Amino acid sequence: MEQSSSLARFVEGSHFSESPTMMALEKRIPALNDFLQDLGIEALYPSVTCGMEAAIWEALSSNEMEASTRPPTKVSGLLDPSEKSKVEIRDMAASLVNDGYQCIKVKAGRVEDPLEDAKNVMLIRETVGNNIILRVDANQSWTMEQALIFAQTAKDVGIQYIEEPLKDPWEMHSWSTFSTIPLAIDESVDQGLFNPLDPSCGIPSSVKFVVLKPSLLGGMTKTVELCDAIRSCGRHPVISSSFESPIGLLHLSKISSIVDTNRKLHHGIATESWFAEDFSQLAITRLGQGRAIMSSVALSFSKKLMSGSKSDGVIIPTCSSVVSTSNIEWNVMQVYPHIHSQAFAKDGSSGMDVVLLLHGMFGSGNEMAYLALELSKCLKLPILCLDLPGHGGSRWKNTVDDMGQHGFQMMDTLADSLVELAGNFRSCSIIGYSLGARIALLSSLRHPSANLTSVISISGGLGIQDVGQQADRFKRDCEIAAAFDSLDRSAFFRMWYDVSLWDSLRDQCWFDEYIKEKASSTSDPENVLSDMLRECSPGRTSYMKDDLLDATKHPGRKILMVAGSDDTKYTAMVQELEQDAITAGSVSLSVSILEDVGHAMHLENPSRVATICSNIII
């Protein structure tokens, strides 16, 4: 702590972006090592060195003008079966698989009898099947006799490696005489018994994997150097955490992506679940098809949202930026491949093609993060999730009353500000959900020459044509807005979702937890949400159907309207629109109906939504 505080005082006020040495760091890791040596950083504890490297590397990343192209990092799950019943072990193993892990590391050596450890591993294999990679970590707990009892009993399980099986690591030299199960070293490296940088260190031939903990080794540059040495002698480096904070885990994920460019290995950096819930919410969002470690405060309901869905067990680095337009301070969550705030050039010269995601009423950019994750698998483009004003971190620059926002004006201002934000890039595709979809469509209609290449509406309406129906809808939305102001959040959201529109969403196994977390995380410090509900009501905004049909008669910007088959109201709307488009001769408007999903399809089945969206964007 003393070193960290002293270093912080030393670095405070430094202009890294103006340093020639820092300029040289942008493209290659070795220059980072030179810079750290200039600071005398070798005198620091390894953990402090690692933290300092992480901070400098993050600063450098913030100055890069190109989006990252590194794929997500595979991670392994962790299972400790000691003192657990067979039922509990099965449930734990099944839960990890359901969370998307394709690799599980099993803790061993915590009970006296190695036969019990072997039986536990056999039970886990029986539970998860043969397609899941299993590793065993004994933490130097066994004698050679005990280790061989385990190995002989579990020889047919299909163990990728046993990590640090022996109390005396030097006995690993004779391991291959008795067993064919590969070994991995971890503590032996930390303890200095084996040094991959020294060819004479005599790493046992049975060791095929070397586990590296960057925070104990001294950071990224030392780790990368060790990884190069490990690969050069035919072994595989595995990056592992030492129970770092969520911000530390973000840095480990970046290191993993550097040293494992082919994504062949699963790395041991999924330890965030071992922290208390209130701590993990500071920086971690768990998404059903993996994990997103975020440098901004994450909404906890996103962590819960898809816990029952299967995944690839990946880590997606993200960050948040605040981007200013004339009327709105936009909070932008940047999902892999990410870009930083410096990329938002006012003159639109960034040269980037991006995808913007816009949520619905009472949502936030975090609710679109799972869809963003799926899109990142299909598209090699930066994915940006926006918060609407009053939702998440975005805000109006002036109060609604000061701006005189009424009816069409608020929607127009939102649409115009969205196009202004899009102007920072070479081109943009916009995917909007519900209210976000209506804003996206209005943006397209109001700005036909803007740099929008495609606009995709997910469960988005076109407005109401009948004047009487408009009045009825506006009255109903005013009543809902009054309920939002008067009811506690839990009661309000129970009421909000208790209509047929959300039938399929309520059928999801995670719905109750979703409502609970949404109620606790939805705040309205500037009291604008009820205003937005009233002023953006379909009862007070323009009817867009005729303008949309006219605008799509010519090739150019592609418009896709998507509805879920379980959402009968919107399905009927887009089917009618499809027929009208044929009659009107529209050539750039298409319609898609996804089976077995409802209004909130981006939450119910984001993979399918991402696939159909990416087909339009590509």
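This is a conversation between a visitor and a guide about how terms are applied to the structure above.

Visitor: What kind of model is this, and how are its residues numbered?

Guide: This is a predicted model, in which local features need pLDDT of at least 70, side-chain atom pairs count only at pLDDT 80 or more, and totals for chains, interfaces and linings use all residues. Residues are numbered from 1 along each chain as its sequence is written, and side-chain values use heavy atoms, with hydrogens and water left out.

Visitor: How many helices and strands does the protein have, and what makes a stretch count as one?

Guide: The protein has 26 helices and 19 strands, where helices (H or I, at least four residues) and strands (E, at least two) are DSSP runs numbered from the N terminus.

Visitor: Why are H19 and H21 called oblique to each other?

Guide: Helix H19 (residues 489-496) and helix H21 (residues 511-521) pack at an angle of about 135°, with their axes 8 Å apart; axes are lines fitted to C-alpha atoms, for helices over the stretch in contact, and angles run from 0 to 180 degrees between N-to-C directions. Angles under 35 degrees count as roughly parallel, over 145 as roughly antiparallel, 65 to 115 as roughly perpendicular and the rest as oblique, and H19 and H21 are therefore oblique to each other.

Visitor: Which residues make that contact?

Guide: On the side of H19 the contact is made by Arg-489, Ser-490, Phe-493 and Arg-494, and on the side of H21 by Phe-511, Asp-512, Ile-515, Lys-518 and Ala-519, contact meaning heavy atoms within 4.5 Å.

Visitor: Why is Glu-164 called buried, and Glu-83 exposed?

Guide: Buried means under 20% relative accessible area, exposed over 50%, and partly exposed in between (1.4 Å probe, protein chains only). Glu-164 stands at 0% relative accessibility and therefore counts as buried, whereas Glu-83 has a relative accessible area of 78% and is therefore exposed. Glu-164 is placed in the loop between strand E5 (159-163) and strand E6 (183-185), and Glu-83 in the loop between strand E2 (77-79) and helix H5 (86-98). Phi is near 45° for Glu-164, a positive value in a residue other than glycine, and near 60° for Glu-83, again a positive value in a residue other than glycine.

Visitor: What makes Ala-584 partly exposed?

Guide: Ala-584, which lies in helix H24 (residues 568-584), has a relative accessible area of 28% and is therefore partly exposed. Leaving aside residues up to four places away in sequence, Ala-584 touches Leu-549 and Lys-553; Lys-553 is 31 residues from Ala-584 in sequence and 7.5 Å from it in space, C-alpha to C-alpha.

Visitor: How do you know that Ser-206 is buried, and where is it found?

Guide: The relative accessible area of Ser-206 is 6%, and this residue is therefore buried. Ser-206 is found in the loop between helix H8 (187-190) and strand E7 (207-212), and, not counting residues up to four places away in sequence, it touches Met-172, Trp-175, Ser-176, Pro-182 and Leu-183.

Visitor: What makes H17 mostly covered, and how does its reach compare with the expected one?

Guide: In H17, 10 of its 12 residues are buried, among them Arg-438, Ser-443 and Ser-444. Helix H17 (residues 435-446) reaches 16 Å from its first C-alpha to its last, close to the 16 Å expected at 1.5 Å a residue, the expected span being 1.5 Å times one less than the number of residues.
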